[in-house]
Amino acid sequence: MRFVVFYLLFQMVFINLYSQQSKIDGQLINARTQQPIDNAKIQLLGHSEYIHSDLNGYFKLKIPERAEGEFLLKIAKEGFKDLKLPLVIYANKSIDLEVLLMNPDIAEKQLQMGSIVLSENALNQENIDVGFIPGLLNANRNNFLNAAAFDFSQTFFKARGYDSEYGVILINGLAFNKLFDGRPQWSNWGGLNDVQRNQEFVYGVGATDQHFGQVAGLTNFTMRASKFSKGSKISISAANRSYRGRLMATYHSGEIDNAWYYSVSASKRWGEEGFTNGTLYNSYGIFFAAEKTINKKHSINLTAFYTPTTRGKSAAITDEVFELKGRRYNSYWGLQNGKIRNARLREIKEPIVMLNHYWKLTSKTSLQNNLGYQFGKISNSRLDYGGTNLINFGDDIFYEGGGRNPDPAYYQNLPSYFLRFQGNENYEAAYKIQQEFIEDGQLNWQSLYEANQSQKNSNSNAIYALAADIANNRKWLFSSQFQHTISPIFSANAALSYTHLLNKNYAEIQDLLGGSEFLDINFFAEETETIPLEEAVQNNLKNPNKLVREGQVYKYHYNLNAAQAKAFYQLQFRKNKLSAFLGGSVSYTDYIRDGKFQSGLYQNQSLGESQQLDFTNLGFKGGITYQFNGKHAAILNSSYQTRAPNLQNSFSNPRQNNFIVQNLESEHIFSIDGSYQFRSSNFNAKLTGYFSNFSKLTDVSFYYADGLSGLGRNTTTAFVQEVLTNIEKQHIGIEFGADYQLTASLKLKTVVAIGQHIFANNPNLYVTSDSFSGSIDYGTSKLKNYRLANGPQHAAQVGFEYRDPDYWWFGATANYFSHAFINSSPLIRTDNFATAPDGLPLANYNPEVAKRLLQQEQLPDYWLVNLIGGKSWKIKQKYLGLFVSLNNILDTVFKTGGYEQSRNANYTSLKEDREREMPIFGNKYWFGRGITYFTNFYIRF
């Protein structure tokens, strides 16, 4: 009820009368086709207010009160070169520019066709976040962001080191970041490039119209049918990156009878494998939007799209595997009946439907109400080898532990495993395994079927099964956004939003691989391999010893319920050469876990609802821009906010129990950045310095560890949930981008990014596990001043672009990357590292050796050279275009990231492993692609 009252009050505030001002008038015409240009953005530099041209290309921009002197008028439209017109403005005098011609920008095709390159990078590695990508796709007029989007992205470079959860994605005013992990799900709109052209992007902390935003920026995709220019487009693409081919077709109706508009788009992307072996790709995309202009004040728009995507995952590999199989190797696949089959498929099927109401209350006031619904599921398949052999001993039935890990790159399947004992190496076995791995080294599907068939013949259960971890989502979204011009120098905007999520999580058997049934018990929680069946640890006590068939739920089943309400207000000031903004936000978030299975390990903490988590958070931001004249400007922005932890890091082991992360708090984020900008007719440059501090963060991860102390039993090994709390991170650095128009056709450009992104404290660490009760607190993890594993923290570029008057263009860049670090294991930097299993200090501990073992690995520096080019033609009333992109033409071998394995959790085991010629549990890496291409041909009519 309070929310309803607040909303009604929100709808009624800030109504004012319209006041007359002097204006800048004109009409925009395509220089090549002589057709009007609609939806172009017109802005007087130094002032944040802007307008768009109408369907006939006309515009009327109000001149800010008391604005006098020399200014630059900027006119921008995707697919066209920017117009920057020097104007002399006098008090109370309007300016009529009459007809302005805009030239098509062939290099804009780099953005349109190249955007697919970047968006697919986000799909390659499930556990690597590539930063805030989508806003960068609209960065063609910012040299630094353009480089980050197209040349730096292949290295998993992150602008300012920020994860994508710190950037906001809006579509028609609705925020589509996932409540589970805070990140956008790129696949939800993948393949719909032609309807994503209308974007408003704010980089970093800045003034935003519809949302408080985040430190990494905000992008609002406008997918209104009336905002697309009338016409059709068909394109075909070929590549060797994530997929091999793409078809896309789009039609925009423009205005038809009774002020209706509609748009449709469809695409198909496919490939048996991308650059990495075995990574199949299959995706469809369909989009529909219809809009009705009711009158001059009201318009209703319906948008719906669905982009089901299936892709094969790839694995990080050790140096040993790389030396044997190369950078394209992927252990997740094998041949079945002569065809590639990947055991780890990620399927995303989440349609989105939106209804938007646009209401122009007065000439000064507008209101936009948005309602959205997203549903569907995300599925991640894997091989389950926890099946059992049932053994009869008289009247008793025992079960015997599951199958062997079938991953061909599993450490026990590699040569190093047979050479692990110094002085007792099995060279014969190592050589045999090495040759088999080199000659094949892929998943043996046939052996899995044979093992299950053998079980079936003896009336026993399947040992192996292909299962899937499924998140079935139902999400409602609502937002209301209000904009009002208070006076010639003040404007206000505000927003309310509400999101409700029901997230159903469970495992499901997809394929029994020739077997009959799969026994649903927790074999891995046992200490011995053969157990009486009546003593088995049950995954669900409500249905003990369940025999699962294909399509049935097993192992775990729980729901996550989440709700989030936000309110945002912002005041903007513009007068003469000065503009400023001040904004604030308040939000409320709550989470509940609802267990559907009663775990045998957590009988009283798994079934039913958990304690409700709730967080109330505040945010403040402000900024100031001073335009010294048409060429020089200074910008300063800052923000401080608290933010609820995401669902992923709120429960320590939600598959098994209701346990909440200990000492869970809201995150605290402070950020400030300052820029100096210079713009002239032939030279542009921008220098930015930034500082951000993130504190009270939480991170939950899962892995198998050996060398643990304090387990209280005769073992040091367990599969654990590592919970890292009170994390503090610091990001500091500079960004520089410049370009110089050497001739009318040739432009030189350069970009530099220098960052230092580190852990700023020693966070707390504890572990939980199915193998022991309670939790083990290992104190602080000594991570302070370790670098964050967020891609290269230093990057630089030099390059050029040549644009011929005959509508062809060509460009090249040389890109340098350094200061990339792998992810350090927090566990081995706790006191456990120097502690024996009995809890006493290790007798052989050497601090100097330990310091060397714990030194963070920095990845080697490298250069990448990229080429791009294109050509367009006009044949009667049709436009044809060709775009080609070649990346890493020197075929440089480089590592994009990696992580330390936490298997060797103490000094003794880690030292022993590192001293081997080839460590068994060496660091794992992701390798960048070699020479790759992307080419696109389109026809527009």
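Here are some notes on the strands, salt bridges and cavities of this predicted model.

1. Let's start with the small sheet close to the start of the numbering. Strands E3, E2, E5 and E6 line up in that order to make an open sheet, with antiparallel pairing. E3 (50-52) and E6 (83-89) are the edge strands; each has a single partner, so one side of each has no neighbour in the sheet. Going from one strand to the next, the twist averages 25°.

2. Inside that sheet, have a look at the E2/E5 pair. E2 covers residues 41-44 and E5 covers residues 69-76, and four bridges hold them in antiparallel pairing. If you want a spot to check on screen, find Ile42, which sits opposite Ile75 of E5.

3. Further along the chain there is another run of antiparallel pairing. E38 and E39 (residues 746-759) are joined by 13 bridges, and the hairpin between E38 and E39 passes through four residues. Lys729 has Phe759 in E39 as its bridge partner. E39 also pairs with E42 (residues 794-804), again antiparallel, through nine bridges. There, Leu746 is matched with Tyr802 of E42.

4. Now the charges. The whole structure has 31 salt bridges. One of them links Glu735 to Arg160, with 3.1 Å between the closest N and O atoms. Glu735 belongs to strand E38 (residues 717-741), while Arg160 is in the loop between helix H3 (143-150) and strand E8 (168-171), so this pair ties together parts that lie 575 residues apart in sequence.

5. Is that pair buried or exposed? Glu735 is buried, at 5% relative accessible area, and Arg160 is buried too, with a relative accessible area of 5%.

6. Another salt bridge joins Asp384 and Arg382, where the closest N and O atoms are 3.9 Å apart. Asp384 is buried, with a relative accessible area of 4%. Arg382 has 15% relative accessibility and also counts as buried.

7. Lys696 and Glu665 make a salt bridge as well, with their closest N and O atoms 3.7 Å apart. Lys696 is in strand E37 (residues 683-706) and Glu665 in the loop between strands E35 (632-643) and E36 (667-679), so the bridge ties together parts 31 residues apart in sequence. Lys696 is partly exposed, at 26% relative accessible area, and Glu665 is partly exposed at 37%. Elsewhere, shared partners link Arg382, Asp384, Asp469, Lys555 and Arg655 into one salt-bridge network.

8. How many cavities of 30 Å³ or more turn up in the whole structure? The search finds 13. The largest one holds about 700 Å³ of space. Its lining is made of 44 residues, and those nearest the centre are Leu179, His211, Gln214, Gln564 and Lys566.

9. Which elements give two or more residues to the lining of the largest cavity? They are E8, E9 (174-175), E26 (465-485), E27 (490-511), E31 (553-575), E32 (578-595), E34 (613-627) and E35. Sorted by class, the lining has 17 nonpolar, 21 polar and six charged residues.

How values were computed. Residues are numbered from 1 along each chain as its sequence is written. This is a predicted model: local features need pLDDT of at least 70, side-chain atom pairs count only at pLDDT 80 or more; totals for chains, interfaces and linings use all residues. Side-chain values use heavy atoms; hydrogens and water are left out. Two strands pair if DSSP finds at least two bridges between them. Axes are lines fitted to C-alpha atoms, for helices over the stretch in contact, and angles run from 0 to 180 degrees between N-to-C directions. A salt bridge is a side-chain nitrogen of Lys or Arg within 4 Å of a carboxyl oxygen of Asp or Glu. Buried means under 20% relative accessible area, exposed over 50%, partly exposed in between (1.4 Å probe, protein chains only). On a 1 Å grid over the protein atoms alone, a cavity is a set of points where a 1.4 Å probe fits but cannot get out, and a pocket is an open set with protein on both sides within 12 Å along at least five of seven lines; lining residues have an atom within 4 Å of a point. Grid points are joined across faces, edges and corners, and a volume is the space filled by probe spheres set on the points. Ala, Val, Leu, Ile, Met, Phe, Trp, Tyr, Cys and Pro count as nonpolar, Asp, Glu, Lys and Arg as charged, and the others, Gly among them, as polar.
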